[in-house]
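Colleague: I'm new to reading models like this one, and I'd love a close look at a single part before I get lost in the rest. Could you walk me through it slowly?

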Amino acid sequence: MDSQTKKKLESCIAEFPFTSFSFTALKTPATIDAYKLWLKNNFHGSMTYLKDHLSLKEFPKTLFDQSRAAIVVTKDYFPPPQKSSLPIHNLRVAEYAKNDDYHNWFKEKMDQLIAKLEILFPGEVFTAMTDSKPVLERDLAQKAGLGWFGKNTCLIDSNQGSLFFIGEIYTSLKLEPIKAIHPDRCGTCTRCIDACPTNAIVEPYVLDANKCISYLTIEKKGNIPLELRPKMQDWFFGCDICQSVCPWNEKVFGQDIKPAQEQKLKVSEELIKELRYMLTTSGKKLMKELKSSPLSRARGSGLKRNAIIVIANQKIRELLPEVINCKEQESLNEVASWCETILNSPTATT
């Protein structure tokens with residue numbers, strides 16, 4: 001990469017509100033063998049597409065023939081930039097899900113960047129992606145010098161923590177990293193492993209999605225294993241525990257990260273109202289109202305299932321009638337019956 005290309009790229013990208021950026025050549029991912037072993041161990045759960053797309057991840061240039069390198073950008077999402085307009089403010093959701101779906105606005109910013117790059121580099125090809133194509137994004141970001149792989153499997157930067165999105169622009173330009181590889185600075189710390197209530201981090205740097213609360217509340221279809229439901233605590237969508245306890249996020253965000261570490265939500269009228277809304281609103285209407293939110297990923301049945309588990313774990317007997325009504329839905333019958341039994345126990349609140 002010549003100095004003029006580097007200067008033009010840096011100047012152009014700096015016009016956009018990305019948190020950081022760098023470049024890397026498209027080669028076989030350094031982590032591909034570990035990824036294959038992860039798939040072999042069925043740690044991907046029911047996400048079969050991760051295995052189906054293996055060859056595209058192993059040989060990234062086959063995704064777009066003319067691509068030679070990637071421009072990798074990050075954008076922080078904590079604290080949330082603005083209060084969400086969604087009808088959910090009290091249910092416990094992952095921080096990234098408290099605003100509009102990043103697949104839309106983050107990619108839009110990258111597409112705007114591409115429009116300028118196409119003018120600066122006529123004849124070159126650019127394609128933007130973020131968590132939407134078969135790409136090992138963390139591998140690209142790590143090779144570009146934007147962080148290291150934490151023991152919780154998240155990408156961590158010593159100055160930014162890990163609460164950021166990763167996006168990439170595949171390009172026909174020949175580019176090289178402008179940042180050095182970030183050393184692993186997890187050291188002997190095991191906070192993330194120790195804090196995970198479901199023991200989803202089976203060993204440092206290895207996550208079993210089958211046990212992960214984020215997977216269970218978002219990607220998992222159908223019933224969630226009985227033994228995991230109590231361990232999900234009051235998480236309605238996603239989970240931040242392994243990131244909120246990370247010293248590097250505490251270093252960056254200080255006391256702001258503390259609320260995400262709380263073990264239990266306060267049962268309030270507002271919380272009960274939101275849970276009732278989830279159970280009494282049709283799945284179709286939920287999807288319409290949540291279409292711009294990451295929460296739509298779980299679909300209506302998944303959100304209702306999650307709400308029922310929160311009700312059971314919080315023992316909110318006031319919502320027993322709504323839970324019983326959910327038994328009429330085939331997809332919710334089992335979890336609603338399970339919740340009914342718990343709510344009818346002597347320890348349930350009134």
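Which residues does Lys57 touch, not counting residues up to four places away in sequence?

Modeller: Happy to. Keep in mind that this is a predicted model. Your residue, Lys57, touches Pro29, Ile32, Tyr35, Leu50, Pro134, Val135 and Leu136, once you skip residues up to four places away in sequence. You'll find Lys57 in helix α4, which covers residues 54–58. Is Lys57 buried or exposed? Its relative accessible area is 8%, and buried means under 20%, so Lys57 counts as buried. For a sense of scale, pick out Ser282, which sits 225 residues from Lys57 along the chain. The C-alpha atoms of Lys57 and Ser282 are separated by 38 Å.

One of those contacts, Ile32, gives us a way onward. The C-alpha atoms of Ile32 and Leu175 are 21 Å apart, with their positions 143 residues apart along the chain. Leu175 belongs to the loop between β7 (164–171) and α7 (191–195). Its relative accessibility is 3%, so Leu175 is buried too. Leaving aside neighbours within four places in sequence, Leu175 is in contact with Met1, Thr5, Leu9, Phe23, Thr24, Ala25, Ala69 and Ile71.

Now hold on to Leu9 from that list, since it also takes part in a helix pair. Leu9 is in α1, where Lys8, Leu9, Cys12 and Ile13 meet Leu113, Lys116, Leu117 and Leu120 of α5. Sorted by class, this contact has six nonpolar residues, two charged ones and no polar ones. How do we describe such a pair? Two packed helices are described by the angle between their axes and the distance between the axes. For α1 (residues 3–13) and α5 (residues 102–120), the angle is about 150° and the axes are 10 Å apart. That angle makes α1 roughly antiparallel to α5. The crossing of α1 past α5 is right-handed.

There's another helix pair to set beside that one. The axes of α13 and α15 come within 9 Å and cross at roughly 15°. The two helices, α13 and α15, are therefore roughly parallel to each other. When α13 passes α15, the crossing is left-handed. On the α13 side you'll see Arg305, Ile308, Ile309, Ile311, Ala312 and Asn313, and they meet Val335, Ala336, Trp338, Cys339, Ile342 and Leu343 in α15. By class, the contact of α13 with α15 has 10 nonpolar residues, one polar and one charged. The buried residues of α15 are Val335, Ala336, Trp338, Cys339, Glu340 and Leu343. These buried residues of α15 pack against α13 and also against α14.

That leads us to the nonpolar cores. In soluble globular proteins, nonpolar side chains tend to be buried together. Here, the largest nonpolar core has 58 residues, and Phe236, Phe237, Leu275, Met278, Leu303 and Ile311 touch the most other members. Several elements each supply at least two residues of this core, including α2 (32–40), β10 (235–237), α11 (269–280), α13 (299–314) and α15 (333–343). The largest share, seven residues, comes from α13. A second, separate core of 28 residues includes Phe21, Phe106, Leu163 and Phe253.

Try Phe237 if you want one core residue to click on. Not counting residues up to four places away in sequence, Phe237 touches Arg92, Val93, Ala94, Tyr96, Ala97, Thr217, Ile218, Pro294, Leu295, Ala298 and Leu303.

Finally, a few backbone details to hunt for. Helix α13 also holds Arg299, whose phi is near 65°, a positive value in a residue other than glycine. Arg299 is partly exposed, with a relative accessible area of 47%. Asn199 has a positive phi as well, near 55°, and it is found in the loop between α7 and β8 (201–203). For Asn199 the relative accessible area is 47%, which makes it partly exposed. Last on the tour, Phe78 and Pro79 are joined by a cis peptide bond, with omega at about -10°. Look for Pro79 in the loop between β2 (69–76) and β3 (92–93).

Key:
Residues are numbered from 1 along each chain as its sequence is written. This is a predicted model: local features need pLDDT of at least 70, side-chain atom pairs count only at pLDDT 80 or more; totals for chains, interfaces and linings use all residues. Side-chain values use heavy atoms; hydrogens and water are left out. Axes are lines fitted to C-alpha atoms, for helices over the stretch in contact, and angles run from 0 to 180 degrees between N-to-C directions. Helices (H or I, at least four residues) and strands (E, at least two) are DSSP runs, numbered from the N terminus. Angles under 35 degrees count as roughly parallel, over 145 as roughly antiparallel, 65 to 115 as roughly perpendicular and the rest as oblique. A crossing is left-handed if the near helix is turned anticlockwise from the far one by less than a right angle, and right-handed if clockwise. Contact means heavy atoms within 4.5 Å. Ala, Val, Leu, Ile, Met, Phe, Trp, Tyr, Cys and Pro count as nonpolar, Asp, Glu, Lys and Arg as charged, and the others, Gly among them, as polar. Buried means under 20% relative accessible area, exposed over 50%, partly exposed in between (1.4 Å probe, protein chains only). A nonpolar core is a set of buried Ala, Val, Leu, Ile, Met, Phe, Trp, Tyr and Cys residues joined through side-chain atoms within 4.5 Å.
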